[in-house]
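Open the structure in your viewer and switch to a cartoon display. Each stop below gives a selection and a description of what is there.

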Amino acid sequence: MIEEKKDKPLYKDYKVILLAAALLISVVAIVSPIGYFAEDDGILNIHYGLDIRGGSTIYLKLNGAVAQVDAQPRDIVLLMGNSEFPSGIEIVSSMVYDNGSSYVTFRTADPVNQTRLEYLFGTNDVHVRRTGNVSEVNVSSTKIGFITSYLTHVYGKEIVPHFVRNGTEYEIRTATTEEELGRHMRAVNGSILKDSSGASLYRDGTTAQTMQTTIDVLNSKLGNGLGVKDLPIRAIGNEYIMIDFAGVNLSEARGLVETPGRFEIRIQTTGADTVHVLYGDAIESVGVVGQDPSTGAHSVPFTLSEEGARSLQQMAISTGATMNPNAHHLLMLLDDEVVYGAPLSPSAASQLNSMPIYSWQAGTSSREEARELQIHLRSGALPVNVEIVSSGQVDATLGQGFLKGAIITGIFAMLAVALLVYNRYRQPKIVLPMVATSFSEVIILVGFSVLIMQDLDLAAIAGIIAVIGTGIDHLLIITEETIHEGKTPSDKVYLARIGKAFMIIFGAAATTIIAMAPLVFLGFAALKGFAITTIMGVFIGVLIARPAYSSILRYILIKSGMKDEKLPE
């Protein structure tokens with residue numbers, strides 16, 4: 001009974017079935033006419049990288065600056081208030097507390113739009129009291145909030161404060177100079193701070209977080225357009241980004257970078273019908289993902305321009321969204337694809353009946369969804385202004401030659417291994433499954449790369465060659481433990497020997513994965529591609545190919561009458 005179970009046909013062995021299924025899926029992914037990739041010059045779905053296929057490389061400069069500055073809320077409100085109200089304002093009182101909270105109270109004879117002031121000063125804590133022809137306005141915020149709102153006011157771009165060990169850095173997400181920032185700060189009796197050595201706390205560039213956000217947005221916009229999940233985009237310092245466009249000529253590549261994705265907000269009218277509200281250029285800034293501590297819900301704050309806020313108010317009223325929000329959802333679309341939808345909150349619907357809303361929050365159930373929505377909101381415009389500082393066309397002659405050479409080398413390597421194995425065991429029935437298994441690993445690895453939309457570049461090919469080498473080593477270990485003096489041992493001895501072999505294989509695989517893992521997160525694009533390919537190959541080998549090979553080899557030896565039942569148990 002046990003013997004029958006051991007000698008069951010290969011097509012009933014789950015390890016062989018898993019190998020066959022993985023191989024079939026990979027072949028379909030590679031040759032299917034409806035694939036993830038559409039190469040213009042081939043029938044395969046393999047997407048070759050820049051160094052093999054040719055294309056373009058573009059260098060972008062991120063325009064921005066990071067500085068530590070200081071100014072008093074009173075002076076900031078005075079300047080901004082005089083710019084906002086034609087007849088000017090009169091400061092009544094102001095205070096900055098030790099914990100950083102602050103308030104400024106002023107009077108003006110002009111009409112006051114409370115929502116407009118909330119947007120202007122970046123706070124919801126604005127109180128207006130009208131007495132006769134004079135309005136008294138109290139604005140409460142923090143010193144950091146007042147400085148942020150002032151810099152947003154003068155630059156017209158997003159300003160992000162970052163808390164650092166020795167104070168607060170303000171990231172200015174647009175082109176500026178130290179001299180220009182100094183003039184703006186002197187206008188409110190402020191200044192750029194200096195460190196203990198007297199050096200100015202100002203630097204060109206962006207923070208690491210903004211650099212990563214820019215890369216994420218570019219990947220979302222460019223990758224979706226080209227059908228690539230992980231476009232080769234790498235940061236160079238804190239100011240520059242390099243992008244590789246495989247198979248894309250220079251003019252097309254420049255057009256992809258310079259043309260933003262079309263972001264649109266629409267409102268449901270009746271049923272599935274919707275009406276246009278605004279485009280992405282009406283979104284002035286997108287904040288960082290936040291979380292409500294009481295509910296745990298996440299949200300993405302963003303602000304609208306004057307025109308965008310009034311357009312949303314008008315359409316919300318005309319469609320009936322302010323009266324019945326649940327029947328008229330706000331929909332966000334990126335390149336005509338819905339990426340978010342939700343009804344107006346009751347408070348927002350009520351407020352829109354009387355005045356526009358400039359500051360909004362889009363709520364999500366998880367941080368991952370909020371992060372994704374933040375990227376979509378920014379897809380109409382990157383978090384910082386960028387400019388193309390260098391570009392060039394890449395010739396693929398060398399890469400294509402390397403690809404052909406790598407294929408030829410791989411074939412000769414397999415043939416050489418086959419000859420050595422035949423010389424060692426003198427059994428063709430052992431050589432064939434070893435070569436077939438190694439070849440199957442390559443097909444599955446390439447197919448998996450297609451499924452995850454990874455470029456096949458020189459680094460990936462180097463990874464495949466490395467996987468072939470380690471795979472042959474593992475197959476030889478399995479062969480040695482399966483064959484003893486020209487025969488395969490009895491079941492109990494075989495299980496003990498093959499268990500020992502797989503312990504060695506799993507240990508070697510774990511070592512390889514641990515060694516490659518840092519390159520996935522810390523390496524440049526080339527090293528990252530090599531590491532990902534190598535790790536994928538190791539997993540495919542130890543989980544699919546090696547177990548199947550052990551079953552196939554054992555089955556062939558038993559069917560050939562090479563099982564030795566006399567070996568001690």
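Select strand β14 first and show its side chains: Phe263, Ile265 and Ile267 point one way, while Glu264, Arg266 and Gln268 point the other way, and all are buried. In a regular strand, side chains alternate between the two faces of the sheet. β14 covers residues 263-268, and 6 of its 6 residues are buried, so the strand is largely enclosed by the rest of the structure. Keep in mind that this is a predicted model.

Next, add the partners of β14. Strand β19 (residues 330-334) pairs with β14 in the antiparallel sense over 5 bridges; here Phe263 has Leu334 as its bridge partner. Strand β15 (residues 274-279) is also antiparallel to β14 and joined to it by 5 bridges, with Thr274 standing opposite Gln268. Between β14 and β15 the hairpin has 5 residues, and Gly271 takes a positive phi near 60°.

Now move to another sheet. It is open and has 4 strands in the order β4-β5-β7-β6, with antiparallel pairing. Its edge strands, β4 (90-96) and β6 (126-131), each pair on one side only. Select β6 together with β7 (residues 134-142): 6 bridges join them, and Arg130 has Ser135 in β7 as its bridge partner. Then add helix α6 (residues 143-155), which lies across β4, β5 (101-108) and β7 and runs at about 110° to β7.

The last stop is the largest pocket, with about 1600 Å³ of space. Select Pro301, Phe302, Thr303, Ser359 and Trp360, which lie nearest its centre among the 50 lining residues. The lining divides into 23 nonpolar, 22 polar and 5 charged residues.

Terms used
Residues are numbered from 1 along each chain as its sequence is written. This is a predicted model: local features need pLDDT of at least 70, side-chain atom pairs count only at pLDDT 80 or more; totals for chains, interfaces and linings use all residues. Side-chain values use heavy atoms; hydrogens and water are left out. Two strands pair if DSSP finds at least two bridges between them. Helices (H or I, at least four residues) and strands (E, at least two) are DSSP runs, numbered from the N terminus. Contact means heavy atoms within 4.5 Å. Axes are lines fitted to C-alpha atoms, for helices over the stretch in contact, and angles run from 0 to 180 degrees between N-to-C directions. On a 1 Å grid over the protein atoms alone, a cavity is a set of points where a 1.4 Å probe fits but cannot get out, and a pocket is an open set with protein on both sides within 12 Å along at least five of seven lines; lining residues have an atom within 4 Å of a point. Grid points are joined across faces, edges and corners, and a volume is the space filled by probe spheres set on the points. Ala, Val, Leu, Ile, Met, Phe, Trp, Tyr, Cys and Pro count as nonpolar, Asp, Glu, Lys and Arg as charged, and the others, Gly among them, as polar. Buried means under 20% relative accessible area, exposed over 50%, partly exposed in between (1.4 Å probe, protein chains only).
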